[in-house]
Structures are given as C-alpha cells and as structure tokens.
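Here's a quick tour for anyone meeting this structure for the first time. Have a look at the picture below, then read on for the main points.

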Amino acid sequence: EIREDVGKANDELLYVYRRMVNFQLYNMLDMYYKVELDSVTIDAKFLENSILDLWNLRKSIVDECKRRGL
C-alpha cells in the first residue's frame, strides 16, 4: 500500500513513511545478522527478500523526497 501511495502522499505522510521504513529495515537487518536462520524458525531467503523489498521501498521514498526538495 505504501509503495502505491508514495507519489500521492503529502509531505508529512512521506516523512512518516520514510521513518517507518527506515526503522523496519534496521530491525530486519538486525534480525538477519543476529538470528540463527533455519527453515524451521525463519527462512533466510524470505528474510533476504523482505529486506530487499524494504530497501527498494526506501529508495522510492528517498527519491520522492529528493524530487520534492524535502
């Protein structure tokens, strides 16, 4: 939902999205490096894909912020 809303969001909402995605990305990376991954608890590939999706979303948000001069 956020990915579709990036271009339409007002400046304040875009700022909230950026902070939220940064926080979630930090937590996912922290988990990736601290948790022993196996297919029983959490699949490493799933976590890697989630991190990549968050990174791409973050990039979209940052690009929109730059475009708007925020």
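Let's start with one residue: Phe46 counts as exposed, with a relative accessibility of 51%, which is just past the cut-off, since exposed means over 50%. Keep in mind that this is a predicted model. From Phe46, which sits in helix H3, we can work outward to the rest of the chain.

**Along helix H3**

- Helix H3 covers residues 44-68, and Ser50 is part of it.
- Phe46 is also found in helix H3, and its C-alpha is 33 Å from the C-alpha of Arg68, with the two positions 22 residues apart in sequence terms.
- Is Ser50 buried or exposed? Ser50 counts as buried, because its relative accessibility is 15% and the limit for buried is under 20%.
- Measuring from Ser50 to Gly69 takes you 19 residues along the chain, and the two C-alpha atoms are separated by 28 Å.

**Helix H2 and a link across to Val62**

- Helix H2 runs over residues 11-34, and that's where you'll find Asp30.
- Asp30 has a relative accessible area of 28%, so it's partly exposed.
- How far apart in space are Asp30 and Val62? Their C-alpha atoms are 21 Å apart, while in sequence the two residues are 32 apart.

**The aromatic pair**

- Search the whole structure for aromatic pairs and you'll get one.
- That pair is Tyr32 with Tyr33: the ring centres are 5.2 Å apart and the planes meet at 85°, so it's an edge-to-face pair.
- The angle settles the label, because planes over 60 degrees apart count as edge-to-face.
- As for cover, Tyr32 is partly exposed at 24% relative accessibility, whereas Tyr33 is exposed, with a relative accessible area of 66%.

**The overall build**

- How many helices and strands does the protein chain have? The count is three helices and zero strands.
- Reading from the N terminus, then, the order of elements is α-α-α.
- The protein chain is more spread out than a compact globule, because its radius of gyration is 14 Å, well over the 11 Å that the globule rule gives for 70 residues.
- Taken along the principal axes, the C-alpha atoms fill a box of roughly 45 × 20 × 15 Å.
- Look at contacts between residues at least 6 apart in sequence, and 66% of them join residues at least 24 apart.

**Surface and charge**

- Buried residues account for 23% of the 70 residues in the protein chain.
- The protein chain exposes about 5,300 Å², and 53% of that comes from carbon and sulfur atoms.
- On the charge side, there are 11 positive and 13 negative side chains in the protein chain.
- Where do those two sets sit relative to each other? Their centres lie 8 Å apart.

Note on methods
Residues are numbered from 1 along each chain as its sequence is written. This is a predicted model: local features need pLDDT of at least 70, side-chain atom pairs count only at pLDDT 80 or more; totals for chains, interfaces and linings use all residues. Side-chain values use heavy atoms; hydrogens and water are left out. Helices (H or I, at least four residues) and strands (E, at least two) are DSSP runs, numbered from the N terminus. The radius of gyration is taken over C-alpha atoms; the globule rule is 2.2 Å times the number of residues to the power 0.38. Buried means under 20% relative accessible area, exposed over 50%, partly exposed in between (1.4 Å probe, protein chains only). Contact means heavy atoms within 4.5 Å. Accessible areas come from the Shrake-Rupley method with a 1.4 Å probe; for residues, only the protein chains shown count as cover. Lys and Arg count as positive and Asp and Glu as negative; His and the chain ends are not counted. The place of a charge is taken as NZ of Lys, CZ of Arg, CG of Asp or CD of Glu. Rings of Phe, Tyr and Trp (its six-membered ring) pair if their centres lie within 6.5 Å; planes under 30 degrees apart count as stacked, over 60 as edge-to-face and the rest as tilted.
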